[in-house]
Amino acid sequence: MNNRLCVIGEALIDFIPDRKGQRLKDVSGFKRVAGGAPANVAGAVTKLGADPFGDYIEEVLQEAGIDTAHIRRDSRGETALAFVSLAEDGNRDFKFYRRNSADLLYAPEEIPEDVL
């Protein structure tokens, strides 16, 4: 039996504060981390921008042993970005930059049926 999981959705760059316990407006430095809920689960089918952030996400997924053969790269859109912080009171701040995100350009007919 071949156990497979296919996840379709966004993969993005999370920018996490160098120092925790601050509101997003107060953060002065961030660390780049590959993220996005679907990518955190499997990262099998997504669309990334043809940009350095897309390169980084694909490399991180490959290093984790995830098959990236079905990731599509699209020069019409960019890889989405998210800035995240966790305040002392436990509240989280998010600011997403995905207005022209490549994953929003993904059409159902682009999903290979053999991976489903």
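**Exercise 1.** In this predicted model, determine how many bridges join β1 to β5 and in which sense, parallel or antiparallel, the two strands run.

*Solution.* Begin with the pair itself: β1 and β5 run parallel and are joined by four bridges. Next, locate a specific contact, where I13 finds L81 as its bridge partner in β5. Finally, consider how covered β5 (residues 80-86) is, for five of its seven residues are buried.

**Exercise 2.** Identify which residues separate β5 from its hairpin partner by number, and describe the pairing of β5 with β6 (residues 92-97).

*Solution.* The pairing of β5 with β6 is antiparallel and extends over six bridges, with F83 standing opposite K95 of β6. The two strands form a hairpin with five residues between them, and in the turn G90 has a positive phi of about 90°.

**Exercise 3.** Test whether the length of helix α2 (residues 52-63) agrees with a rise of 1.5 Å a residue.

*Solution.* The helix has twelve residues, and because the expected span is 1.5 Å times one less than that number, α2 should span 16 Å, which agrees with the 17 Å between its end C-alpha atoms. After the helix comes G65, whose phi is positive, near 85°. As for confidence, α2 has the highest mean pLDDT among the elements, 92, whereas helix α1 (residues 37-41) has the lowest, 73.

**Exercise 4.** Which element supplies the largest share of the largest nonpolar core?

*Solution.* List the core first: its eleven residues are A11, I13, F15, A34, A39, L48, Y56, I57, L61, I71 and L81. β1 (12-17) and α2 each supply at least two of them, and the largest share, three residues, comes from α2. The buried residues of α2 are G54, Y56, I57, E58 and L61.

Conventions
Residues are numbered from 1 along each chain as its sequence is written. This is a predicted model: local features need pLDDT of at least 70, side-chain atom pairs count only at pLDDT 80 or more; totals for chains, interfaces and linings use all residues. Side-chain values use heavy atoms; hydrogens and water are left out. Buried means under 20% relative accessible area, exposed over 50%, partly exposed in between (1.4 Å probe, protein chains only). A nonpolar core is a set of buried Ala, Val, Leu, Ile, Met, Phe, Trp, Tyr and Cys residues joined through side-chain atoms within 4.5 Å. pLDDT is the predictor's confidence in each residue, from 0 to 100. Two strands pair if DSSP finds at least two bridges between them.
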